[in-house]
Amino acid sequence: MTAETVRRTIPGARQRDNANSTLTTCTYDSTGPPFRWLRVEAHLYAPENTATPVEDARRYFDAQWRQAHEAPLFRTFTLERRSGLGDEAYRWFKRDEGQPTVVGEVAVRTRNAVITVSYSERGEGTDREAECLAVATTVAREVLTSLQF
């Protein structure tokens, strides 16, 4: 994801990164009002680590999809499969039951990689759904474009 995307999405963002051989996470959060955060996770199942990298990624993606249906800490407004992103994708708009925040999440599997983008801001209903999901989708597309297989 480009620095311009981060500046446009989370002005004045503070960045935190965490990575190992199979998972990279970048989280950006606002340093002032309005509250917003963006999290990008990339799970890579490399051929040198597993005999079935694409199948492992598929199983991980399917597990995420199942967990989304059973998430007790969130109120789900929208959870649906999407076409046109990677090999398979879904989008999820939810409210965090413990916080006054809503989250737009897009998960995408492309070959042996699973990318999950979550964008959150203050809110409690569906009035921010279109924008939250649009931001998450835009960032997911940008991350997919930057992957090199």
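Helices (H or I, at least four residues) and strands (E, at least two) are DSSP runs, numbered from the N terminus. The model is predicted: local features need pLDDT of at least 70, side-chain atom pairs count only at pLDDT 80 or more, and totals for chains, interfaces and linings use all residues. Residues are numbered from 1 along each chain as its sequence is written, and side-chain values use heavy atoms, with hydrogens and water left out.

**Stop 1: Arg-16 and Thr-25**

Select Arg-16, which sits in strand β1. Arg-16 is partly exposed, at a relative accessible area of 46%; buried means under 20%, exposed over 50%, and partly exposed in between, with a 1.4 Å probe and protein chains only. Contact, here and below, means heavy atoms within 4.5 Å. Residues up to four places away in sequence not counted, Arg-16 touches Thr-25, Cys-26, Thr-27 and Asp-29. For a distance check, pick Arg-111: from Arg-16 the C-alpha to C-alpha separation is 27 Å, with the two positions 95 residues apart in sequence numbering.

Next, select Thr-25 in strand β2. Thr-25 is buried, with a relative accessible area of 7%. Leaving aside neighbours within four places in sequence, its contacts are Arg-16, Asp-17, Asn-18, Arg-39, Val-40 and Glu-41.

**Stop 2: the sheet**

Now show β1 and β2 (residues 23–29) together: they run antiparallel and are joined by 6 bridges. One place to look is Gln-15, whose bridge partner in β2 is Tyr-28. Two strands count as paired if DSSP finds at least two bridges between them.

Extend the selection to the whole open sheet, where 7 strands follow the order β1-β2-β3-β7-β6-β5-β4 with antiparallel pairing. At the edges are β1 (14–19) and β4 (74–82); each has a single partner strand, so one side of each lacks a neighbour in the sheet. Direction ignored, neighbouring strands are turned by 10° against each other on average. Axes are lines fitted to C-alpha atoms, for helices over the stretch in contact, and angles run from 0 to 180 degrees between N-to-C directions.

**Stop 3: helix α3**

Select residues 129–146, helix α3, which packs on the sheet and touches β3 (36–44), β4, β5 (88–96), β6 (101–110) and β7 (113–122). Its direction makes about 30° with that of β6. The helix has 18 residues and reaches 26 Å from first C-alpha to last, close to the 26 Å expected at 1.5 Å a residue; the expected span is 1.5 Å times one less than the number of residues. Among the buried residues of α3 are Cys-132, Leu-133, Ala-136, Val-139 and Val-143. The cover over its buried residues includes α1 (3–9).

**Stop 4: the cores**

A nonpolar core is a set of buried Ala, Val, Leu, Ile, Met, Phe, Trp, Tyr and Cys residues joined through side-chain atoms within 4.5 Å. The largest has 23 residues, and Leu-38, Val-108, Val-117 and Val-139 have the most contacts inside it. Elements giving two or more residues to this core are β2, β3, β5, β6, β7 and α3. Its largest share, 8 residues, comes from α3. Apart from this core lies another of 10 residues, including Ala-57, Trp-65, Ala-71 and Trp-92.

**Stop 5: helix α2**

Finish with residues 53–69, helix α2. Its buried residues include Ala-57, Phe-61, Trp-65 and Ala-68. What covers the buried residues of α2 includes β4, β5, β6 and β7.
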